[in-house]
Structure formats: structure tokens, C-alpha cells
There are 2 protein chains.
Amino acid sequence: MSRPKNDSFLRALLREPTPHTPIWIMRQAGRYLAEYNQTRARAGDFMSLCRSPDLATEVTLQPLARFPLDAAILFSDILTIPDAMGLGLSFAEGEGPRFERPLRDEWEINDLTAPDPWDHLRYVMDACAQIRKALDNSVPLIGFSGSPFTLACYMIEGKGGTDFERVKQMLYARPDLLHKILDVNARAVSAYLNAQIESGAQAVMVFDTWGGALSEAAYAEFSLAYIEQVVSQVTRTRDGERIPVIVFTKGGGVWLEKIAAIGCDAVGLDWTVDIGSARARIGKKVALQGNLDPAILLSSPEVIRREAAKVLASYGSGSGHVFNLGHGVSRFTPPENVAALVDAVHELSREYH
Amino acid sequence: MSRPKNDSFLRALLREPTPHTPIWIMRQAGRYLAEYNQTRARAGDFMSLCRSPDLATEVTLQPLARFPLDAAILFSDILTIPDAMGLGLSFAEGEGPRFERPLRDEWEINDLTAPDPWDHLRYVMDACAQIRKALDNSVPLIGFSGSPFTLACYMIEGKGGTDFERVKQMLYARPDLLHKILDVNARAVSAYLNAQIESGAQAVMVFDTWGGALSEAAYAEFSLAYIEQVVSQVTRTRDGERIPVIVFTKGGGVWLEKIAAIGCDAVGLDWTVDIGSARARIGKKVALQGNLDPAILLSSPEVIRREAAKVLASYGSGSGHVFNLGHGVSRFTPPENVAALVDAVHELSREYH
């Protein structure tokens, strides 16, 4: 195995020189692409799409066929682990993910075990291997998982985007129970990411979508500590190549110094932080990934070019920046605006390298 | 007019010595109180409750009858201004506020004018005067408004809590139009707060509920600049007493230095920031208000006491702290837990004064 032909993404994560700033886009294989919607319709529902290595490979490659993106990301969901634990993941039309059997009783928590990724999550490993083969060493493949805390939110609430009143009640009244869940989750996430790496993932990202809903002290104890555990257990070298780890806590801008200190190679930024300020705070320690507001992709190519230029200028000269949005791309984004962004980043970033 | 008998809230905002840390609670007159629900049922709908000075006075006083809170806050809504502009505010059962006629066309924006608070918002001024009279100088009365940007979000989207895709499209593609709206809003908010002060409000607070959804640069230009304009135009002395101004941007933890620099007396904090770190960053310039996670009030008196103690200890010794939640109290909060919080703060804070 050697580095892919276009290794700018991996080099930027390791803060090695690159000819331009690499870019990929969170949720780049998604509903803003007509071809994705067609494949999804063929699959039936979202989880059938995730569970089919053929179809997951097909949609992973779709955005790369349209845009000269510098990385591919495994097509899957952040909630495959609790689904493999037997909680019954489903996606109702027009709603977010739901679990049929959220954790409600203490015995359910005591019974929780980390699923063997080679058994219950084999379909993800098959997809990784198949995508790597299809990519034919053109660009690197990113593997990923939800963070232990983010998984716990869904496992306890049964869904996302609430006020997290159940999770927080447990956190404050029965921290021992939440720690139990998080410990199982951290072991499950580590094993899952390592299986993805063994199946071909060349970098991995931990998505901490809901850690930002916590207080600073609770974040450190219940989210970041378990991400740190995962980071410490992830395989960092395979076939002589370093496997970079990216950690992204949405809403974590105040805590960047703490996130950068857990041993990851890169920190993802949402759009509320100025990337230049973030670089001044933690740029000597880690690479940065981000952070254009996804809403900007709803405007025009001219505006996108202007705003992308601002992010590049704010980061400034030198390596260590992977361009991305600050959150997933909106389903209402015109694909030609994504094309404009990718071109703008490649073209305008040359002067900084 | 003299200072109220219990002036600890005003003194803390001005960083003068107090015997204990004062406390009030965002949305303290609200649905977690049975007596509030009874009054609201009598009023019919939420806006009728706001529009009746008698009923607004009644619900403003309800939490003070239960708990030894150190301030009263005018019972009203942050969206009275756009309602007075003719956009048609309503509250459907179980949903947030909605406007029947959000701003959709350029001519509507050009036609927008700041309402005269003594005319279209007279009911708010009548409520202020009546509440002040009913308080009989026991504790101070807080007046408030939504921030110019937060009002604009509702005026453009027609509702809150979305991805703000319309607002952001305007912000990036037609910033001139958004600036027009914000300029009218800033003048409207200033006049509105000044009329509240003239009617008896002894401190005022600007709620910037949605500024935290912006990028750092967009926040500075489209939210903070207009809050600064408001702060500079608010009456700061009345009858020889200083009128403190509190600015609260939910999700604004990364930007505290900038917020503290606009001339306000105090900065509100949500629960994601450690208040001790916030004090180290801006505590020499302004007082701080906050910042217990409202979800903690769903637990038990013991947990509440422990967590309140942590916030007090993190702020540390000396004046300049007004205890509050980091956001409004949840409707599911048992009132006895609020009692436990108020008692804990009064009792445990003495050692720091």
C-alpha cells in the first residue's frame, strides 16, 4: 500500500507541505445530489443503503465523479453502533434518526456490550474494502464514527436534537450509569474505527455532534475523556503510513485548547469560530479542518468564492488546513455551488502554499 | 425614587459589594408554575396575557411570591416589536412563535419603520408602571428586548429555531437589505428600552438568542454592532440611579471579549462556558450573569445544591456575579427545585462576599 496519488488531504492533516489546500465536504454524498436520491430510492430506505456495500460504494463515489474533491468519506451513519447493539435504528421520512428501544432501565445499561465490528458491522467493513478498491488509490478514504457521548444521547433520548433532558438527568443524578454506557461506547467506537482502518480507511474522524450541549465541566468528563480514550486506542500506523485522527465537536469553539490536547492530529471547527483565531490558539499542535457556514452554499458562486477566500486568508500561509464546511452540506444546495467552492479553494489557496 | 430595599441585583451588576450573590431566573414567570398556567388560561392566549397590564403584573409577581428572588423581570415577549410593526405574531399550541406576514419582498423592507413604543407598545409601558407600583420598591424590575438580529431572524424566517437559511441567504447575497432591517430594529429596540426605563425598569437586558448561529465575522457585523448601537442609545441614568445593561448572546462564549467591549455593564453566559474562565477573560470589565444548565433543575435538591456550589466556587470571591440559569427554565421543572436553587445560592454564596 502506498499513499494515494492525491495525498494532499493526508499531508495537510500531518502538517506537511501541499500544493494547495485540500477540500472535502461533510455529507458530500447526500440529498443535494440527484444521483444520490436515485440510488437511495433504489435501496428503499436509508439503512438499506448503508447496509449494501455495493450501493454504499456507489454513493461514496458520486460526489468524486462530479467534483475534484481531495478525499472520499465512507458512506454510512454515525448510529450504526447502537443499531448493532440492538436498539433498532430507523429513519422516518422527513425526520431524523430514531431508536425503537432506547435505554430506559438500569438492567439494559448493565447488559450493554460493545458489538464485534467484524460480526454485526461487517457490512461497514465490506463497504470500506470495496470503496478502497473502487478508489484505486486516487484519493484517501476517511472512516468515521459518532463520539461515545453523541451515541449515548441517541441511545438514551431515542432521538437527537432535543434538549437532552433525559441524558442530562442521568448525567447529574446517576453519573455512574452514564459512565457505564460511555465506557462501552468508547470500546465499541475504538474497535469499530480500527476495523475500518484494517478494511482500508486511511484517516478517521470522530463526530461529536452533541458534546456542545454540555457545560464545560460535563463536556470534559462525559464527552472529551471518552474521545481521548478512543484516540489513544486507534491504530495510528498501518503499512508504514500514519493514520490521522480528526476530532470534531460541534459547538466546541470555547474548548479548542482542551480538544487539541487529547492526542488527535486535527480538530474540526464549526463556522462560529474564526479559523485564524483557532490557528493562533491551537495551530501549533494540530491541523484544522473547516469551517465555512454551510448556508453560504445556498447563495451564488461569486459570494461563495469571496467567503472561501476569507476563510483561506484567515488561516493564512502554510500547511495544516483541510477546507470543509462547518457542518454537513444542506440538501437544498445547488451542486454547481459545490463545484464553485471546490474550484475556488483549489485556485485561491495556491498563494498560501 | 430610591434604590429598592433589596438592591443586591443592581449592586452586583455595578460590581459593588453585596452580602450574597443575587439570583433571578430567565423565564421565572412561566409554565413550570401552576398559578401561571391558570392565569394564562384565563387570558386565553399568550399575547393576550402580554397585552393585559393587570395579568402581566400578576404573573410577573408569581415567582416572587414563591421564592426570595432578587429581581423581577417584566412579563412580555421578545417579539413585541415586530408584532407592533404589523407582522402578525401568534403562538400556536405546542409550537414557538410565528409571524403571519414575514418580510419577503424588498418593498416591505424599505417600508419598515420603528414603532413608537408609546403608541403601539403602550401596553408594555403600562405593565412596567403597574409592576413597579406592585413591587413597592422591594426588588428591582428588569426590562428587556430581543436583539436587533434576533428580531430580524423571526421577521425574515417567520419563526425561530430553523437553520436560518433565509436570513443567511440575505446576509451573504444582499447584506444591504439586512442592514436596513437591522438599522430599523436597533432604533426600535433603543426607543422601546428607553420607554421601559421611563416606565420604571431599573435595569435592561438584550436577548440575542440567535446571534450564536453566525460566523464570528458575521456576528460582529450583523448582530454585535447593532447591540452596541442599542447600548449606546439606552438611557443610563434615571433619577440619579445608574441603569445597568446586560447583553446575552446564547452560544457567544467564543466572543466574550468582543461582547464585553461594547459598553454594557454585564454579560450573560450560557452554561457551556466555565464562569471562572469567563471571569478571567472579561471580569475586570463587566459583571457576569449566569450560568447553571437549566437541565440541572430537573434533578434533585441535593444535585442542584452541589452544582450551584460549583458555579459559585468557579466565579470565586467578590462582587460582580448575578446567578441565573444559562437559558430559560424548563416547563418540566418542579417548583421545589427552584426553591432549592434560590436557597442554595443565597446561603452558599455568603462565604464569597
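Here are some notes on the sheet in chain A and on the contact between chains A and B, all from a predicted model.

1. Start with the sheet in chain A. It is open, has seven strands in the order 1-4-5-8-9-10-11, and the pairing is parallel. If you want to find its edges, look at strand 1 (72–73) and strand 11 (321–325) of chain A, each of which has a pairing partner on one side only.

2. Next, a pair inside that sheet. Strand 5 (residues 203–208) of chain A runs parallel to strand 8 (residues 245–249) of chain A, and five bridges link them. For a handy landmark, A:Asp208 sits opposite A:Thr249, a residue of strand 8 of chain A.

3. Two helices of chain A are worth a look against these strands. Helix 11 (residues 216–233) of chain A lies across strands 5 and 8 of chain A, at about 165 degrees to strand 5 of chain A. Helix 14 (residues 301–315) of chain A lies across strand 10 (287–292) and strand 11 of chain A, and its angle to strand 10 of chain A is about 155 degrees.

4. Now the contact between the chains. Chain A puts in 28 residues and chain B puts in 28 residues. On the side of chain B that touches chain A, helix 9 (165–173), helix 11 (216–233) and helix 14 (301–315) of chain B supply at least two residues each. Helix 9 of chain B gives the largest share of that side, five residues.

5. What about the residue classes on the side of chain B that touches chain A? That side has twelve nonpolar, nine polar and seven charged residues.

Technical notes
Residues numbered from 1 in each chain as written. Chains lettered and ligands numbered in written order. Predicted model: local features only at pLDDT ≥ 70, side-chain atom pairs only at ≥ 80, totals over all residues. Contact = placed C-beta atoms within 7 Å. Helix = DSSP H or I, 4+ residues; strand = E, 2+ residues; numbered from the N terminus. Nonpolar A, V, L, I, M, F, W, Y, C, P; charged D, E, K, R; others polar. Pairing = 2+ DSSP bridges. Axes fitted to C-alpha atoms, helices over the stretch in contact; angles between N-to-C directions.
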